[in-house]
Every structure is written in C-alpha cells, then in structure tokens.
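Q: Please give me a close look at a single part of this model, the open space in it, and then follow the walls outwards. I'd like one connected walk-through, in plain bench language.

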Amino acid sequence: MNTQLNQPNISFREMHASDLDAVMQIEIVNFPFPWTAGNFKDSINSGHICLLLEIDEAVIGYAILMMVLDEAHLLNISVSSAWKGKGWGRHLLNQMMQIGREKGCLNMFLEVRPSNVSAITLYESIGFNEMGMRPGYYPAYNGRENAVLMGVAL
Ligand SMILES: CC(C)(COP(=O)(O)OP(=O)(O)OC[C@H]1O[C@@H](n2cnc3c(N)ncnc32)[C@H](O)[C@@H]1OP(=O)(O)O)[C@@H](O)C(=O)NCCC(=O)NCCS
C-alpha cells in the first residue's frame, strides 16, 4: 500500500505579484484594516522576504520580513481562516526566524494590536517579549489603537 498517497504537499516559496489575488483573499478576511495589493507589491519590490506557505499548491499563509543591518522586522504574518489553530502560524514564524538567522540578523521585532490575543499568545510562546508600546500606531473603528512592540533574540 502506498501510504504517501494522502500526504499533503507542504511547501514555502517566494511570493510574486501574480500571487496577490490569493494573498488578498486571505488578507481582507484576516484584518479589519488590511494591507492593499500595492503594499504587498511594494514589499516585493523592496526586496523584503515575502514568503508563501502552500498546501497542495494552495496558498494558506504568508509572511513579510524586512531586514535592516542585523535587525529583522516582521511586517505581516497571516494564516487563512480555514487553516488557523493547526500549527501553521507557528511553522511560518519559525521559518521567518530561521531565515533571519541565516541572513545574520541578531533580533526580530514586530508590532501587534493589544487586542490580538491569538497572535500575542503565539509570539510569547515562541519567546518574544514586550519591548514597549507605540501609541496610536494602528487605525481602529473608534480612533486609533496602540501597538505592542515585541522582540526576540535570534
Ligand atoms: C496569528 C496567526 C498567524 C496564528 O496562526 P495559527 O496558524 O492560527 O496559529 P497556530 O495554530 O500555529 O498556533 C500557535 C499558537 O498560537 C496561539 N494561538 C493560536 N490561536 C489562538 C487562539 N485562538 N487563542 C489563543 N491562542 C492562540 C497558541 O499559543 C498556539 O499554540 P498551541 O496550539 O500550542 O496552544 C493567525 O491567527 C492569523 O492569521 N491571524 C490573523 C492575522 C493576524 O492577526 N496576524 C498577526 C498580526 S500581528
């Protein structure tokens, strides 16, 4: 019996402009104030690490990493609703941290809304610590929301 027949094919690959329809389908569901396709294009054109996580060639998640000297900054991480809570966000974040290490970065930073409990729980479980607060960083329905700045040594 071939036990590999039902094994899903899981892979990371670089994001291209042609992937943005699939990316935006996830982005607009996941964020109340989503990035635009133009924001993703800017990241691709700027040379940021723009990674897709695919299962059987369907995009189920993505992350964007900006590197400046020895600092890595996670600008976006997102997993499709149907695939949340199954460990894929952790897998994606670990991959971005590994890329940061391989590129010689010493620390990784990110901003997160204080209300985003699932993301903060993930970051803390991986070793991120709160480094500070950025007042009024995010748009919100009732004005602005602060960002928690988190960081981890790579
Ligand atoms: C944040 C996000 C990427 C996590 O991805 P995910 O695949 O759902 O997360 P995982 O299944 O890998 O879970 C990893 C850990 O996150 C935490 N977590 C995930 N979902 C959670 C929830 N609903 N409540 C509390 N903690 C949660 C847990 O610590 C979990 O570890 P455990 O399963 O061992 O308990 C995903 O929820 C997402 O795309 N959210 C919308 C976009 C977003 O907010 N991105 C972050 C912007 S800063």
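**The largest pocket and its walls**

A: Strand 4 is the top contributor to the lining of the largest pocket, giving six residues. Before going on, keep in mind that this is a predicted model, where local features need pLDDT of at least 70, side-chain atom pairs count only at pLDDT 80 or more, and totals for chains, interfaces and linings use all residues. Numbering starts from 1 along each chain as its sequence is written, and side-chain values use heavy atoms, with hydrogens and water left out.

Now the space itself. The largest pocket has a volume of about 960 Å³. Of its 32 lining residues, Phe 31, Ile 77, Asn 116, Ala 119 and Tyr 123 are the closest to the centre. A pocket here is an open set of points on a 1 Å grid over the protein atoms alone where a 1.4 Å probe fits, with protein on both sides within 12 Å along at least five of seven lines, and lining residues have an atom within 4 Å of a point. The volume is the space filled by probe spheres set on those points.

Who builds the wall? Helix 1 (20-30), strand 4 (71-79), helix 3 (88-102), strand 5 (107-112), helix 4 (117-126) and strand 6 (129-140) each put at least two residues into the lining. Helices (H or I, at least four residues) and strands (E, at least two) are DSSP runs. Sorted by class, the lining holds 17 nonpolar, nine polar and six charged residues, with Gly counted among the polar ones.

Helix 1 is worth a closer look. Its buried residues (under 20% relative accessible area; exposed is over 50%, 1.4 Å probe, protein chains only) are Leu 20, Val 23, Met 24, Ile 26, Glu 27 and Asn 30. Looking down the axis of helix 1, you find them within an arc of 165°, so they line one face of the helix. That arc is taken from the directions of the C-beta atoms as seen from the axis. On the face turned away from the buried side sit the exposed residues Asp 21, Gln 25, Ile 28 and Val 29. The cover over the buried residues of helix 1 includes helix 2 (37-45), strand 2 (49-55), strand 3 (58-68) and strand 4.

Just past strand 4 comes Ser 80, in the loop between strand 4 and helix 3. Ser 80 counts as buried at 16% relative accessibility. Leaving out residues up to four places away in sequence, Ser 80 touches (heavy atoms within 4.5 Å) Ile 26, Asn 30 and Ile 60, and both Ile 26 and Asn 30 are on the buried list of helix 1.

Another loop, between helix 2 and strand 2, holds Gly 47. Gly 47 is exposed, at 55% relative accessible area.

Then there are the cysteines. Cys 50 is buried at 6% relative accessibility, and Cys 105 is buried at 4%. The sulfur of Cys 50 has its closest cysteine sulfur, that of Cys 105, 15 Å away, too far for a bond. A disulfide needs a pair of cysteine sulfur atoms within 2.5 Å, and the count comes to zero.

Last stop: Val 148, in strand 7 (residues 143-153). Val 148 is buried at 6% relative accessibility. Its C-alpha atom is 4.7 Å from that of Met 133, 15 residues apart along the chain. Beyond its sequence neighbours up to four places away, Val 148 touches Leu 110, Glu 111, Val 112, Pro 114, Glu 130, Gly 132 and Met 133.
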